[in-house]
Amino acid sequence: MGNLTVEFFEKTMRNPVMNASGTLGYGKEIESLWGIETLGAYVTKGLSAEPHHGNPTPRVWEERNGMINSIGLQNIGVDRFFDEYFPYFKKRKTPVIVNFFGFTEEEYLACAAKIKPDPFIVALEMNLSCPNIKKGGISFGKEPGAVFEIVKHVKGVTKIPLVAKLTPEVRNIVEIAQAAHEGGADGLTLINTMPAAVVDVKSRNIPIRGGLSGPILKPIALRAVYECSKAVPIPIIGAGGIMNTEDAISFFMAGARAIQIGTATFVDPYAIPKIIRGIGEYLDAHGCSGIGDIVGIARD
Ligand SMILES: Cc1cc2nc3c(=O)[nH]c(=O)nc-3n(C[C@H](O)[C@H](O)[C@H](O)COP(=O)(O)O)c2cc1C
């Protein structure tokens, strides 16, 4: 099969495919099905400076063409992740992208500062969809000015490349991408889930309010990848509703240099290895020497 290797922030990855944060646990959970080293890089579940309890159940809900989750960013905290799980990835020579969050700017800074550079850490991925509890709960990622500030401040406490993961719930995602770039972001992940709710007509309750993911997001994510890749020079990681090889190829053509797969794993736990194989077959069948041959080739 053709060469799937990509360079990301001066690190070599076997392929441009990652799991999406929060959809592959702490990584070990998949080990009875396929090897973690199958991934280009493993993206951690969202980590915080201190451990965080999640939300009550139900935490996931199947929707037509997607799913809603309300996990509530439950995690064991960044220190425990590095003590208990990080050695597993190093042993398997699997690069890691550390997804992290906070509910105040101080929490973001504290978490980023705790993560020490390591040959197996490709980047920090900053989840900007979190509510800022000091600003009435509005997400950090919604205003260009706030994005510029927080990205700039996080860059001040880490030497690891910083990828800003953007929420689609904004007036103009290109403006947000530009603000993140101006603040010093080294890359972008596009996109996180879209806020959504379910109404149970029988009980007249709202059983879940959370983030919508899966196929329903794909066209929104593709547009964000396409428009932002034209507007900023930093690499873009595409995410949102990638369920098969054709979806994956469409993200590369729209301008993504790498992709993340989330909800598909809930439908088929082998989706990631199948899509990696499919991308290799596509490149071979079309005489491509690498993924770079198709990145950003789609035109209006
Ligand atoms: C169960 C679940 C948990 C998630 N947890 C996180 C998280 O901790 N941090 C984060 O940035 N995104 C999180 N996400 C968002 C995904 O990483 C991804 O951006 C989104 O689901 C779109 O991709 P998909 O349609 O392939 O799932 C989560 C998504 C799901 C479904």
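The following conversation goes through a predicted model, from its sheets to its ligand shell.

User: What kind of model is this, and how are residues numbered?
Analyst: The model is predicted; local features require pLDDT of at least 70, side-chain atom pairs count only at pLDDT 80 or more, and totals for chains, interfaces and linings use all residues. Residues are numbered from 1 along each chain as its sequence is written.

User: What is the strand order in the sheet of 8 strands?
Analyst: The order is 3-14-13-10-9-8-7-4, in an open sheet with parallel pairing. Strands here are DSSP runs of E with at least two residues, helices are runs of H or I with at least four residues, and both are numbered from the N terminus. Two strands pair if DSSP finds at least two bridges between them.

User: Which strands are at the edges?
Analyst: Strand 3 (17-19) and strand 4 are the edge strands, and each pairs on one side only.

User: Which helix packs on that sheet?
Analyst: Helix 5 packs on the sheet and touches strand 10 and strand 13; its direction makes about 170° with that of strand 13. Contact requires the C-beta atoms of two residues, placed from the backbone, to lie within 7 Å. Axes are lines fitted to C-alpha atoms, for helices over the stretch in contact, and angles run from 0 to 180 degrees between N-to-C directions.

User: Let us look at strand 7. Is it largely enclosed or not, and why?
Analyst: Strand 7 (residues 96-100) is largely enclosed by the rest of the structure, because 5 of its 5 residues are buried. A residue is buried if 20 or more other C-beta atoms lie within 10 Å of its own, exposed if 12 or fewer, and partly exposed in between, with C-beta atoms placed from the backbone.

User: Which way do its side chains point?
Analyst: Val 96, Val 98 and Phe 100 point one way from strand 7, while Ile 97 and Asn 99 point the other way. In a regular strand, side chains alternate between the two faces of the sheet.

User: How many bridges join strand 7 to strand 4 and to strand 8?
Analyst: Strand 4 (residues 42-43) is joined to strand 7 by 2 bridges, and the two run parallel. Tyr 42 has Val 96 as its bridge partner, and Val 43 stands opposite Ile 97. Strand 7 is joined to strand 8 (residues 121-127) by 5 bridges, also in parallel. There, Phe 100 stands opposite Met 126.

User: What unit do strand 7 and strand 8 make with helix 2?
Analyst: Together with helix 2 (residues 105-114), they make a right-handed β-α-β unit. Right-handed means that, with the strands pointing away from the viewer, the path from the first strand over the helix to the second runs clockwise.

User: New topic: what is the other open sheet like?
Analyst: It has 4 strands in the order 5-6-12-11, with antiparallel pairing. Strand 5 (60-63) and strand 11 (194-200) are its edge strands. Neighbouring strands of this sheet are turned by 40° against each other on average, direction ignored.

User: How many bridges does strand 5 have with strand 6?
Analyst: Strand 5 and strand 6 (residues 66-69) pair over 4 bridges in the antiparallel sense. Trp 61 has Ile 68 in strand 6 as its bridge partner.

User: Where are the cis peptide bonds?
Analyst: One joins Thr 57 and Pro 58, with omega about -5°, and Pro 58 sits in the loop between strand 4 and strand 5. Another joins Leu 190 and Ile 191, with omega about 15°; Ile 191 is in the loop between strand 10 (187-190) and strand 11. Most peptide bonds are trans, and most residues other than glycine have a negative phi.

User: Which residues have a positive phi although they are not glycine?
Analyst: Asn 65 has a phi of about 65° and Lys 93 a phi of about 50°. Asn 65 lies in the loop between strand 5 and strand 6 and counts as exposed, because it has 12 C-beta neighbours inside 10 Å. Lys 93 lies in the loop between helix 1 (78-91) and strand 7, and counts as exposed with 11 such neighbours.

User: Finally, which residues come nearest to the ligand?
Analyst: Of the 25 residues around the ligand, Ala 20, Gly 22, Gly 46, Ser 213 and Gly 262 come nearest. A residue is near if its C-beta atom, placed from the backbone, lies within 6 Å of the molecule. By class, the shell has 8 nonpolar, 15 polar and 2 charged residues. Ala, Val, Leu, Ile, Met, Phe, Trp, Tyr, Cys and Pro count as nonpolar, Asp, Glu, Lys and Arg as charged, and the others, Gly among them, as polar.
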